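User: Please take a close look at a single helix in this model and at how the chain is arranged around that helix. A connected account would suit me better than a list.

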Amino acid sequence: MSRLPTKKIDAATDLLKTISGSFRMQIICLLCSKGPLSVSEISEALDSEQSATSHQLAKLRSDEIVDTNKSGQIVKYSLATTKNAELAKKIITECGCLKN
């Protein structure tokens, strides 16, 4: 019997934990529908504190779901072009949270 690829399974589990949070999914949905946004724009749209939003964006960025683009002092967040980001987008699309 062959061994299961536990490292890959653990990575998939970690990714699903990251995107399973409601607030993180709201951020992903917002970025998919509105395009690049700053922390303040995301916070305003989701009626949240900037510190909480920044914390969640940092987690999404570390898991390669969002990217940043800095122009002067403004940092804009957008959905990354990674497999992780595509999976997150597919999940929210399949759930009806985002139109195709």
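Analyst: A residue counts as buried under 20% relative accessible area, as exposed over 50%, and as partly exposed in between. The model is a predicted one. On that scale threonine 6 is partly exposed, because its relative accessible area is 44%. Threonine 6 belongs to helix α1, which covers residues 6–19.

The helix to examine closely is α3, residues 39–46, where Val39, Ile42, Ser43 and Leu46 are buried. These residues span an arc of only 100 degrees around the axis, so they lie on the same side of α3. The elements they pack against are α2 (22–34), β1 (37–38), α4 (50–62) and β3 (74–79).

Of these neighbours, α2 can be described further. The axes of α2 and α3 are 11 Å apart, and the two helices pack at an angle of about 115 degrees. Angles of 65 to 115 degrees count as roughly perpendicular, so α2 is roughly perpendicular to α3. The crossing of α2 past α3 is right-handed. On the α2 side the contact is made by Phe23, Gln26, Ile27, Leu30 and Leu31, and on the α3 side by Ile42, Ala45 and Leu46. By class, this contact of α2 with α3 holds seven nonpolar residues, one polar residue and no charged ones. Ile42 and Leu46 are among the buried residues of α3 and also meet α2.

Just after α3 comes aspartate 47, with a positive phi of about 50 degrees.

Terms used
Residues are numbered from 1 along each chain as its sequence is written. This is a predicted model: local features need pLDDT of at least 70, side-chain atom pairs count only at pLDDT 80 or more; totals for chains, interfaces and linings use all residues. Side-chain values use heavy atoms; hydrogens and water are left out. Helices (H or I, at least four residues) and strands (E, at least two) are DSSP runs, numbered from the N terminus. Buried means under 20% relative accessible area, exposed over 50%, partly exposed in between (1.4 Å probe, protein chains only). The arc is that of the directions from the helix axis to the C-beta atoms. Contact means heavy atoms within 4.5 Å. Axes are lines fitted to C-alpha atoms, for helices over the stretch in contact, and angles run from 0 to 180 degrees between N-to-C directions. Angles under 35 degrees count as roughly parallel, over 145 as roughly antiparallel, 65 to 115 as roughly perpendicular and the rest as oblique. A crossing is left-handed if the near helix is turned anticlockwise from the far one by less than a right angle, and right-handed if clockwise. Ala, Val, Leu, Ile, Met, Phe, Trp, Tyr, Cys and Pro count as nonpolar, Asp, Glu, Lys and Arg as charged, and the others, Gly among them, as polar.
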